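Please open the model in your viewer and keep the sequence panel beside it. The tour below goes from one selection to the next and says what is to be found at each stop.

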Amino acid sequence: MKGKSEPMGSLDCDAWAAAVARLAPSGNAGGAPPLEPGVCVRIGDFAFQVVGLLGEGSFGAVWSAVSGQRAGEVAIKEIICRSETELLRAATERHLLQFVGRGGQAGDEDSPAVVASRRFPSLVASEVEALGPDLWQVRLAMSRLAGKPLESLLDNWCSQPLDDLTQIPMSVDQGGNLVDTSRCVRCMLQQLVPALEHLGTRAHHRDITPRNILVEKKGSDYSFGLVDFGLAVDASKWKAELLTHDIGGDGHYWPTSSWFVLEYGAHHLGSYPALWQEYESCLDMHALGVSALRCLMERWSPEAQGPDSASGSRQVAKLWRLRLAWTRFWDDIARFWQPIFDAFACGGCNTLESLKSQYAHAGVHHMVSANLCAVRAALRELRAVADVQDLRVVCDALLLLVRPGKLRDDSPTWQNVRIVLSGHSRTSPVVAERRSSDEGRRHWMSTNKEAPVHKAMSHSWVNDPRGWAPASACCDAAATPMASATATQSTHSPAGSIWSSASVRSSQLSPAGSAVLTKPAPLVRVG
């Protein structure tokens with residue numbers, strides 16, 4: 001029989017998943033009708049007509065649909081669960097959609113709960129069908145947020161000349177001068193930070209990237225939203241489970257601690273308090289910070305600057321310095337992430353284990369940390385000379401969000417970031433920063449280390465003009481795909497074997513190194 005989730009709406013996600021797991025197979029040959037344009041389906045108490053495919057990944061597909069009832073336009077996510085673990089993941093996503101939707105009932109319009117109800121989709125209806133032993137189909141109908149993925153805008157800004165951007169069929173402006181760019185990034189942070197503060201009381205998103213950030217512009221106003229809770233974890237259980245939980249998200253937006261966990265396993269985090277604190281509480285903050293910084297760097301166009309002034313010239317010079325630090329960070333991350341995806345995509349279990357050993361031996365997490373320190377140093381210098389108010393506020397916020405993988409005197413909490421963005425903060429993160437602006441790449445082998453340092457580089461790594469890179473990969477490097485992957489760690493050895501769950505998202509490398517969802521990957525044992 002079919003199990004419908006609405007009668008169990010009061011249960012938490014664990015109880016809901018347990019109840020669904022006890023459902024008997026439906027006995028309906030072929031199950032519910034497949035989703036495709038024009039098909040009419042019923043989910044819970046609502047009837048929907050499918051309009052088209054919005055996107056698909058390793059956990060399932062998302063379709064746009066409409067209903068003549070009060071539900072209006074929705075997005076329907078269909079997830080095939082092949083284990084109770086995957087069913088629990090779907091239950092967590094359903095539970096979070098309910099949670100953020102209830103926030104709209106709060107009274108204060110500016111409260112994080114109300115902001116979250118506007119920036120996240122909310123659950124409309126859900127349904128589960130048991131297709132067979134250890135096989136379930138989950139359909140989640142949720143409110144559809146307006147806008148286009150920020151990723152697509154960034155790709156367009158980087159791949160086309162300024163005079164061609166007017167041809168892009170989007171309701172968002174096409175980037176350019178620093179005032180508009182700074183205002184755009186500040187608006188994004190002002191809208192998403194309170195929403196994530198509310199979400200953080202219940203879960204960590206773990207997949208904040210420009211492809212999951214939606215943006216719409218109406219007149220001079222920007223509206224941002226965040227979708228896809230597929231990799232979210234329960235915040236109340238995360239501290240206890242992070243030692244055995246998977247590594248989630250897109251490596252471009254990982255902090256230093258996530259690269260450390262890839263190399264050594266989370267069980268080694270306990271020896272390094274800075275990395276432990278970062279991995280425990282700053283995954284979403286760092287990912288949002290890198291997404292915002294990428295937007296600032298790729299949306300700003302030097303050609304769109306107005307007449308120079310003395311202060312303006314210093315500001316532009318510091319912007320160029322920041323862009324150079326950003327480019328080095330982004331290029332290195334793309335090279336580090338590329339072989340990891342190749343190993344997942346090609347099923348190269350031995351290759352992935354070899355990569356982990358190479359990355360640990362070469363100190364990849366130290367290189368990531370050094371690049372992030374250089375970016376933060378450039379942000380502080382830019383903040384000191386910026387004559388655009390929104391830019392100063394954005395720099396202060398980014399210094400809290402973008403984490404360096406080292407102990408710092410600032411306080412990276414969503415509430416502190418929200419205060420900085422309001423412009424009412426009494427102390428700038430520039431003042432609170434313990435290190436002066438000389439931190440940068442040269443610190444990655446310093447004696448004040450935050451994680452193991454290997455003094456010698458592996459012979460299997462080569463030093464090319466672009467920086468350190470593995471000498472070989474298991475796929476044709478010319479294809480340059482990248483991915484968003486999850487991998488469950490083992491606690492058996494520093495380079496321990498891992499299990500990869502079906503969450504590899506392949507893409508093509510754009511000029512900005514962006515990742516775009518294309519197809520799912522099979523479940524592969526790695527190790």
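## A tour by selection

Begin by selecting W337, which is buried, with a relative accessible area of 1%. Bear in mind from the outset that this is a predicted model. Now add W259 to the selection, another buried residue, whose relative accessible area is 0%. Of the 16 aromatic pairs that a search of the whole structure finds, one is formed by W259 and W337, edge-to-face, with 6.2 Å from centre to centre and 85 degrees between the planes. W259 belongs to helix α7 and W337 to helix α10, so the pair ties together parts that are 78 residues apart in sequence. To see the surroundings of this pair, extend the selection to W254, F336 and Y359, which together with W259 and W337 form one aromatic cluster.

**Along helix α10 to W320**

Next, select W300 and W320, which form an edge-to-face aromatic pair with their centres 5.7 Å apart and an angle of 70 degrees between the planes. W300 is in the loop between α9 (283–299) and α10, whereas W320 is in helix α10 itself, so this pair ties together parts that are 20 residues apart in sequence. Colouring by accessibility is instructive at this stop: W300 counts as buried at 2% relative accessibility, while W320, at 40%, counts as partly exposed. If you also show the side chain of R323, you will find its charged end over the ring of W320, 5.2 Å from the ring centre.

**Salt bridges**

Which residue meets the side chain of R321 in a salt bridge? Select E381 and you will see the partner, with a distance of 3.3 Å from N to O. Because R321 lies in helix α10 (residues 310–345) and E381 in helix α12 (residues 364–385), the pair ties together parts that are 60 residues apart in sequence. The two ends of the bridge can be told apart by their accessibility, since R321 is partly exposed, with a relative accessible area of 41%, and E381 is buried, with a relative accessible area of 15%.

Move on to D250 and R211, which also form a salt bridge, their closest N and O atoms being 3.4 Å apart. This bridge links distant parts of the chain, with D250 in the loop between β13 (246–247) and α7 (256–264) and R211 in the loop between β9 (203–204) and β10 (213–218), 39 residues apart. D250 is buried at a relative accessible area of 3%, and R211 likewise counts as buried, at 9% relative accessibility.

For a salt bridge inside one helix, select E353 and K356, whose side chains meet at 3.8 Å, N to O. Both residues are in helix α11 (residues 349–362), and because they are three residues apart there, about one helical turn separates them. E353 and K356 are both buried.

Then select E151, D155, R294 and E298 as a group, for these residues are linked in a network of salt bridges. The structure as a whole holds 19 salt bridges.

**P412 and its contacts**

Where in the chain is P412 found? Selecting P412 takes you to the loop between α13 (389–401) and α14 (414–422). P412 counts as buried because its relative accessibility is 14%, and the cut-off for buried is under 20%. Show next the residues that P412 contacts, leaving aside its neighbours within four places in sequence: they are Q277, C282, M285, L400 and R403. A distance drawn from C-alpha to C-alpha between P412 and C282 gives 7.5 Å, although the two are 130 residues apart in sequence.

**Zooming out**

Finally, clear the selection and look at the whole chain, which contains 15 helices and 20 strands. Of its 527 residues, 57% are buried. The chain exposes about 20800 Å², and carbon and sulfur atoms supply 53% of that area. Among contacts between residues at least 6 apart in sequence, 72% join residues at least 24 apart. Two of the stops above can serve as examples of links between separated parts of the sequence: the pair of W259 and W337, 78 residues apart, and the salt bridge of R321 and E381, 60 residues apart.

How values were computed:
Residues are numbered from 1 along each chain as its sequence is written. This is a predicted model: local features need pLDDT of at least 70, side-chain atom pairs count only at pLDDT 80 or more; totals for chains, interfaces and linings use all residues. Side-chain values use heavy atoms; hydrogens and water are left out. Helices (H or I, at least four residues) and strands (E, at least two) are DSSP runs, numbered from the N terminus. Buried means under 20% relative accessible area, exposed over 50%, partly exposed in between (1.4 Å probe, protein chains only). Contact means heavy atoms within 4.5 Å. Accessible areas come from the Shrake-Rupley method with a 1.4 Å probe; for residues, only the protein chains shown count as cover. A salt bridge is a side-chain nitrogen of Lys or Arg within 4 Å of a carboxyl oxygen of Asp or Glu. Rings of Phe, Tyr and Trp (its six-membered ring) pair if their centres lie within 6.5 Å; planes under 30 degrees apart count as stacked, over 60 as edge-to-face and the rest as tilted. A charge sits over a ring if NZ of Lys or CZ of Arg is within 6 Å of the ring centre and within 35 degrees of the ring normal.
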